[in-house]
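Morning, everyone. Please have a look at the structure on the screen, and I'll walk you through a few places in it.

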Amino acid sequence: MKRYATPLVLLAVAALSVPAYAGYTGHYYVASNNYNSTGTPPGLPYWIYVPDGYNPAATDPLPLFIYLHSSGNAGNDNTGPSGHPNASALRTVASNPETPGFVIVPQTMNSWDWNSTATQALWELIQVELMGNQGLEIDLSRVYVTGWSLGAIGIFSWASDAPDRITAGCPFAGALYWNEDSVTRATNRASVAMWAFSGANDGTVPAANTYADMQAQAYYGGDPLATTYAGVGHDAGAKVREVEPAIYWWMLAQRNGQPNDMSMFVGWEVNTAETKVMDGPAQSVTRSDPMFVGYYGDGTLRIINGATLTSRDGYLCTHSYGRGKAIVDGAGSKWQCLHDLWVGRDGVAALHVANGGVVQAGLIDVNMISFLSGNGTLDATVRMRGRLAPGDVPQTLTPAAPVSGILGGRRPTPAPLGGLGDDPVAGAGQSGSPTGALTVTGDCYFYPSSIMDVELGGTGDGEFDAVQCAGQVVLGGKLNVSLTGGFQPAAGDVFPIVTGQSVTNAFASTSGLNVGGGVILQVQQTASGLSLVAVAGLPGDADGNGSVTLTDFSALKNHFGTASGATWSQGDFDGDGDVDLDDFVILKQHFGQKL
């Protein structure tokens, strides 16, 4: 249903029987090189984007995105602003069929203040020309503005002097500055959703000025967001395009007259910890936007006891100084990402799927670290770039990089990050934690950077960690094996840790195959699986690689004379707890042999 009437109708529409906007649907178009406000030159050069296939008769009013350029693009040639990457980023969003909208990129010769000629001409253009004459259905309750430098100052001016005309603003490297005027005007913009970005090394518009404006807005009842990047200068907009996947979704979530909508974030602010719990079917939620867990701070998402969450995408940890953890636990518990799930896009992340829980996505990309256990299912294709450790959930995640300078959040100088706290999962994060099988319904790719940690606690189903893949498995990276719960493999035990429709390539390296007790594990790979097979160790083979070489002699030499507590890998080949001449004789007798 249309929410805004169009006051005027373009006569040419009736004459030609086609909408006037058909000529520029799906691309930028200079509708009028200079839109003259009340006929006063120099007019307003502008570019406009209309979504491909737009039909006002079949479409609700669409949001409007506006990009305000910096002083470097000032003029009346109508060329520079439309090609700027910040403008292109808005077009990318508006051209997505899931987030259609209009984009206007105007050009001024001097200022974007609210009372400037260019700004007044822009609003006349929107209401009279585009909504009236052109018949575009623009939703004026969803006007989203980004701007850099001069344009960022314009956003502060608009939000302060005409807060009813702007729904959300994202100024890059701009401020009104901390003075009596900006404090007074902050009372007006308290109702406007604002997310300001600045560079800590900005010598043109100091980050402290931007932050002061945000403090003033918060003081008068607003809920502004401020992000300052360490080591970044005046071009904060470039950093935003590089590292902020949430900015445009955040804008689209905002509505006029409503509080700042932060529901897509769990753990947004630096130096804070936040937990969101969805417990039981009654807690099920469906969203059209992504879910961000551990964006700047510490975030934990728990989906348990049959609760379900549907989101467009999922991001566990977005920045190197953030940490994110999701736990999907119990029969019927499910997190469905209609597109992709990024486990550690940057920073440190953990995903735990247990006891019949399911995580569904087109692609699950594990870039940093992932902990999966307890007979859970990943209904997706999995791309393993980091660590896969079935059987563990960390109690505390360690930051991947030190926190320094001024980072995201409302605080200008965050203190050291704290821990995420404990999970009510028995033995979580400790040796001896529960083992289990992880089911992957699609393909599973292990990259050279990946590490697969496997715990062996027995020979029965669910007593050792395993990946069971319905599609193809491409191996790579490193395999680490350890024992749990006091289990000691015996010769003849078999542990199928990877199965798939096809299993190709191989782990580049392995560790932990010498499990003691005179037993070693051998890797046996077939076209559809990889198993660890326990065999009696070759006497003298300290490193368990199936041959007795100088490496084994070095192990014995380094521990020679140990009187008690020695292990096979240290050279105790006769099992009496010490390393002496008897062990040397055993190694000598088998030197050069292979299994």
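Before the first stop, one term: helices and strands here are DSSP runs, numbered from the N terminus. And keep in mind that this is a predicted model.

So, confidence. The average pLDDT for the protein is 83, and 84% of the residues score at least 70. Two stretches to treat separately. Residues 1-41 have a pLDDT below 50; beyond near neighbours in sequence, that stretch has 104 contacts in the model. Residues 410-432 are also below 50, with 63 contacts in the model beyond near neighbours in sequence.

First stop, T167. Where does T167 sit? In the loop between α4, residues 150-161, and β8, residues 168-172. Is T167 buried or exposed? T167 has a relative accessible area of 3%, so it is buried, because the cut-off for that is under 20%. What does its side chain reach? The side chain of T167 gets to the backbone oxygen of S141, at 3.0 Å. S141 also appears among the contacts of T167, leaving aside neighbours within four places in sequence. The rest of that list is L140, R142, V143, Y144, V192, A193, Q254, R255 and N256.

Now the helix before that loop. α4 has twelve residues. From first C-alpha to last, α4 reaches 16 Å, close to the 16 Å expected at 1.5 Å a residue. How many of its residues are buried? Ten of the twelve, so to speak of α4 as mostly covered is fair, because buried means under 20% relative accessible area. Among the buried ones are L150, I155, F156 and W158.

A short detour to another loop. L136 lies between α3, residues 117-133, and β7, residues 138-148. L136 has 0% relative accessibility, so it counts as buried. Now look across to P61. L136 and P61 are 75 residues apart in sequence, yet 8.1 Å apart in space, C-alpha to C-alpha.

Next, a sheet. Five strands form an open sheet in the order β23-β25-β28-β31-β34, with parallel pairing. Which strands stand at the edges? β23, residues 369-370, and β34; each has a single partner strand, so one side of each is left without a neighbour in the sheet. In general, strands of a sheet pair through backbone hydrogen bonds.

Let's zoom in on β31, residues 478-483. Six bridges join β31 to β28, residues 451-456, and the two run parallel. I451 stands opposite K478 in β31. D453 stands opposite N480 in β31. On to β34, residues 509-511: three bridges join this strand to β31, again parallel. There, the bridge partner of K478 is S509. So K478 is a handy residue to follow: I451 stands opposite K478, and S509 in β34 is a bridge partner of K478.

Last stop, the nonpolar cores. The largest has 57 residues. Which residues have the most contacts inside it? W335, L341, L351 and L378. Take L378. Not counting residues up to four places away in sequence, L378 touches L351, V353, V359, I364, L372, L438, T439, V440 and T441. There is also a second, separate core of 43 residues, which includes W148, F265, Y296 and Y315.

That's the tour. Over to you.

Conventions:
Residues numbered from 1 in each chain as written. Predicted model: local features only at pLDDT ≥ 70, side-chain atom pairs only at ≥ 80, totals over all residues. Heavy atoms only, no water. Helix = DSSP H or I, 4+ residues; strand = E, 2+ residues; numbered from the N terminus. Buried < 20%, exposed > 50% of the residue type's maximum accessible area, 1.4 Å probe, protein only. Polar contact = N/O pair within 3.5 Å; in protein donor to acceptor, adjacent residues only side chain to side chain. Contact = heavy atoms within 4.5 Å. Expected span 1.5 Å × (residues − 1). Pairing = 2+ DSSP bridges. pLDDT = per-residue confidence, 0-100. Core = buried A, V, L, I, M, F, W, Y, C linked by side-chain atoms within 4.5 Å.
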